[in-house]
Amino acid sequence: MSRDVSRGCTKLHSLGHRNYLVLCALVSLEFGFPVMPPGNTLRDLTMDFRKITKKLTPSTNKIPDDSLLHLAAEASADSLIVTDSSGTISYVNPAFTKVTGWLVEDAIGQNTRILKSGLTPKEVYKDMWRTISAGRTWTGRVLNRRHAASADAPPIFGISGKNTSKLYWASITISPMVDKHGDIVAYVSIQRDITEKVNREERERLDRDQTTARAAIASVLQEHKDLKDRLRESIAYLLEVDGLESQKKGGIFLAVDGEEELELFVTEGNFTDEFLQEIRQSELGSCRCSRVAQSGETLFSDDCFWNPRHEQPLDRMTAQGHYIVPLRDGGETLGVLFLSTAPNLPYDENRIDFLKSVGELIGLAIANDRLSQKLLDARQQADVANQAKSAFLANMSHEIRTPLSGVLGFAELLQSHWPEIKDEDRQKHLDTIARSGKHLLTLVNDVLDLSKIEAGEVEVDQETSSPQRVLSEVVSMLRVRALEKGLRLESQWEGNIPETIHTDPARLRQILVNLVGNAIKFTSSGEVRIVASLNGNQDTPQLVIKVIDSGIGVAEDKLESIFQPFVQADNSVTRRFGGTGLGLAISRKLARALGGDISATSAAGTGSVFQLTVDTGPLDGVVMNSSSSFAAGSAEVSSKSNEEPITLPPSRILLVEDGDTNRKLIQLILRRAGAHVTSAENGQIGVELATAQPFDLILMDMQMPVMDGYAATQTLRAKGITLPIIALTAHAMKGDADKCLVAGCSGFLTKPIEADVLIHAVAGALENPSTSQAETDSNFACSIS
């Protein structure tokens, strides 16, 4: 592996130098005796060497100007350096001066360390001295420093700093010279400036690295990951591109929609908390990143230590540069990419072009992500709209058909069997008809109210009215409903209350009836309290009324949605308590029309507080009553016991229906037809009864709490129950019959129930209990419109 000095000199000769004898002559002249490679004798030296050495002037020990040695050394295009064994320079040629800027007289006597830039790895020098100290020739490249800057010198690619014009890349070959005893007495070094070659190699390498990084980033940006993850990975690839001289940290700001500001979106690398907090948001034009967002032009900053944005540098902030690249889609700037670099990095068009191309990739990815999100949002909104429409139609169908079933069913019963019905039962049936009719009227009024409000046609009459009277009327109106559920209904006033206010009493009453009615509806035990007060600490005084209950509550993430039309907390609430979800939407809009609003605080299972505010109008001259509490009446009543089931042969029928009115009506119809009827309030109870007792037929309501009819039917079929199951549903939309049959039902009846059709359907099913599902699909699907 080792090479002796003669091989090293042969290498020097192949690099274009005169010949080995010239070098030997130089060393011989310096040290006063002939020098030769190890293993050779004086006889091995050529006649040329003898001729050259004869021309040396003994008296001056210098090379004559006309000697071949002088001509060879002086004419060499490469730097020629001769040193002693410690590295002290004893000879340099003119090419050395031209390359390094060191004059001959200044260089002689200096150590070769004067050429070190400090930028060549120490391992290179260790290898150099290890090789030449062993008597072998060393060849390599180092980054040297000139004595003075050269105007013609090319810049060093990839090296930053203020004195880079003094640097140059040198290809160096160093050969040791030995005396006749084999001791190293001198070193001869041939150096060639290869800066342009190294620059070319580095640029080619950077181009390869940039192409690889650009491809990797493009691949990452196309992956199906969260945008933040894709952008972080992209920045990480950029930070590994050597030619960018990054400080291994960067990030991306995104423009805030509808705002003149940027917001920090992702970062990669080691940033201090102080720095991240400082730059989290910035107005356009307030810093370099935001100015790039405004201009759309890539910015290269060689030193942003004293950023104009900061009067003082941030703690632990070091000198650094920046690349700031706009992220654009067409003519729109979506954000900026920033990378921290070493300070004083020279401008390089190649780097800028590369970063611009990466910025285009990232901008396109952000635009595509936003477009995908918009499409997804639009699709979700369309789905939500369709679901809301379907839910609204289903709820409206249920809300209309359920009371309508009571009206028509009991009316038909009274018409057909008037003489047979006792007077007290007639009154009960008539009360049910009246109550159901009022419910229908309220529903229609709610829909019309909402329609007017949405069209901006809501009318509010401002007049002088007593807030205490309005509240008393509401409490009196709803007291019976509270007592029927065993709830306490209380109200109280706090502080000074105006005797009159200027508002619309009818609309105020409507709002309170809805809020208090809802509180009673969704509370099964405990109390409902109404607390009224005056907020006079503002320009326009307002009446504040809080409705506080101990009911089921509302999950925090659903609080705002319950004020949307046709929306309740979830479908199970609709099935359990009924309602269209119109009341709160109407009430909030009316409250705002009265100069106030409705807000809510709640948590699932812990009750709710709904707060109503309305403007009182001017209170100048209005009598203020002192605080007093008045009882709105509270009582507790036990729930009415269920009527004992009436059993009549010859058949046993299980009626699964959550509506009390429908359950009573269907029981009466079937009882008069001679059936033994057992009832269940929801699907779960129905399944338990059907699997524990023998029945001939099941009538199954499809929309129920706990377990609906579809799940109950599927459970029964899975348990091997083969008896006929006839679906009862208020849903009369297209496809509802198919949905029931797919669930396992044998037939399908829609509400309101007609007695004759119901009896006919039941009779048909009892007559052919073994009829297969396929046969009933075409022959036994009953639909009532």
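Hi everyone, let me start with a single side chain: Lys225 is partly exposed, with a relative accessible area of 37%. Lys225 has a charged partner, Glu233, and the closest N and O atoms of this salt bridge are 2.7 Å apart. Glu233 counts as partly exposed too, at 27% relative accessibility. Before I go on, please keep in mind that this is a predicted model.

Why might two such residues pair up at all? Side chains of opposite charge can pair when their charged atoms come close. The structure holds 20 salt bridges, and I'll show you a few others. Lys248 pairs with Glu240, with 3.7 Å between the closest N and O atoms. Here Lys248 is partly exposed at 40%, while Glu240 is exposed at 55%.

Next, please find Arg672, which forms a salt bridge with Glu420 at 3.4 Å between the closest N and O atoms. Arg672 belongs to helix 18 (residues 660–672), whereas Glu420 sits in the loop between helix 12 (349–417) and helix 13 (423–454), so this pair ties together parts that are 252 residues apart in sequence. Arg672 is partly exposed, at 39%, and Glu420 is exposed, at 54%. There is also a small network to look at: Glu202, Arg205 and Asp209 are joined by salt bridges that share partners.

Now let's move to the sheet. In what order do the strands of the open sheet run? The order of its 5 strands is 2-1-5-4-3, with antiparallel pairing. Strand 2 (89–92) and strand 3 (138–145) are at the edges with a single partner strand each, so one side of each has no neighbour in the sheet. On average, neighbouring strands are turned by 30° against each other, ignoring direction.

Let's walk across some of the pairings. Strand 3 and strand 4 (residues 167–178) are antiparallel over 8 bridges, and one place to spot this is Val142, whose bridge partner in strand 4 is Ala170. Helix 7 packs on the sheet and touches strand 3, strand 4 and strand 5, with its direction at about 140° to that of strand 3.

Strand 4 and strand 5 are joined by 9 bridges, again in the antiparallel sense, and Met177 has Ala186 of strand 5 as its bridge partner. Their hairpin has 5 residues between the strands, and there Gly182 takes a positive phi near 90°. On to strand 1 (residues 79–84), which runs antiparallel to strand 5 with 6 bridges between them. Strand 5 is mostly covered, with 7 of its 10 residues buried.

One residue of strand 5 brings me to the rings. Thr83 stands opposite Tyr187 in strand 5. A search of the whole structure finds 3 aromatic pairs. In one of them, Tyr187 meets Trp129 edge-to-face, at 5.9 Å centre to centre with 90° between the planes. Trp129 lies in helix 7 (residues 122–133) and Tyr187 in strand 5 (residues 184–193), so the pair ties together parts 58 residues apart in sequence. Is each ring buried or exposed? Trp129 is partly exposed at 35%, and Tyr187 is buried at 6%.

Another edge-to-face pair is Phe271 with Phe338, at 6.1 Å centre to centre and 65° between the planes. These two are 67 residues apart, with Phe338 in strand 11 (residues 332–341). Both Phe271 and Phe338 are buried, and ring pairs link them with Phe253 into a cluster.

Last stop: charges over rings. Lys116 lies over the face of Tyr125, 4.4 Å from the ring centre, and Lys739 lies over the face of Tyr710, at 4.5 Å. Thanks for listening!

Definitions and conventions: Residues numbered from 1 in each chain as written. Predicted model: local features only at pLDDT ≥ 70, side-chain atom pairs only at ≥ 80, totals over all residues. Heavy atoms only, no water. Phe/Tyr/Trp six-rings, centres within 6.5 Å; stacked < 30°, edge-to-face > 60°. Helix = DSSP H or I, 4+ residues; strand = E, 2+ residues; numbered from the N terminus. Buried < 20%, exposed > 50% of the residue type's maximum accessible area, 1.4 Å probe, protein only. Lys NZ or Arg CZ within 6 Å of the ring centre and 35° of its normal. Pairing = 2+ DSSP bridges. Axes fitted to C-alpha atoms, helices over the stretch in contact; angles between N-to-C directions. Contact = heavy atoms within 4.5 Å. Salt bridge = Lys/Arg side-chain N within 4 Å of Asp/Glu carboxyl O.
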